[in-house]
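Reader: I am new to this structure and would like to learn how its labels are earned. Could you show it to me and take my questions one at a time?

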Amino acid sequence: MNPLDPNEPENEQTTNLAAKVGFLGTVVTTIGYIIEAISEGIAISELAEEEKNIEQKKQADQQQLSDIQSKLDYLIKEMNTMKKKDDHFRRW
């Protein structure tokens with residue numbers, strides 16, 4: 001009874017069991033890699049969506065600032081016009 005002899009039935013069963021366990025380990029590891037790849041894809045997708053939202057907010061803020069600047073320019077122009085009219089009437 002040699003424990004290293006692969007021709008003995010007990011050793012053959014142990015070898016088959018070891019092969020099955022090794023295969024099962026490989027399958028589990030592969031599934032782990034697949035799950036990791038999926039999670040990385042989701043993370044990248046979420047980052048892209050976040051960047052898109054940031055860019056949209058930035059554009060909306062720029063538009064709002066531009067609108068405020070236009071309104072301020074208009075008010076300054078109106079104040080200058082009123083000031084000129086007031087100076088004109090004071091001369092009389």
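Reader: Why does Lys-57 count as exposed?

Author: Happy to help, and please keep in mind that this is a predicted model. Lys-57 has a relative accessibility of 52%, and exposed means over 50%, so Lys-57 counts as exposed.

Reader: What makes Asp-61 partly exposed?

Author: Its relative accessible area is 30%. Buried means under 20% and exposed over 50%, so Asp-61, at 30%, is partly exposed.

Reader: Why is the contact between the side chains of Lys-57 and Asp-61 called a salt bridge?

Author: The distance from N to O is 3.4 Å. The cut-off is within 4 Å, so this pair qualifies as a salt bridge. A search of the whole structure finds one salt bridge.

Reader: Where do Lys-57 and Asp-61 lie?

Author: Both are in helix α1, four residues apart, which is about one turn of the helix. Helix α1 covers residues 9-91, and the protein has one helix and zero strands.

Reader: What makes up the nonpolar patch on the surface?

Author: Leu-65, Ile-68, Leu-72, Tyr-74, Leu-75 and Ile-76 form it, with about 590 Å² of accessible area together. Tyr-74 is found in helix α1.

Reader: How much of the protein counts as buried?

Author: Of its 92 residues, 2% do.

Technical notes:
Residues numbered from 1 in each chain as written. Predicted model: local features only at pLDDT ≥ 70, side-chain atom pairs only at ≥ 80, totals over all residues. Heavy atoms only, no water. Helix = DSSP H or I, 4+ residues; strand = E, 2+ residues; numbered from the N terminus. Buried < 20%, exposed > 50% of the residue type's maximum accessible area, 1.4 Å probe, protein only. Patch = residues over 30% accessible without salt bridge, like charges linked within 9 Å, V, L, I, M, F, W, Y side chains within 5 Å. Areas by Shrake-Rupley, 256 points an atom, 1.4 Å probe, with all protein chains shown as cover.
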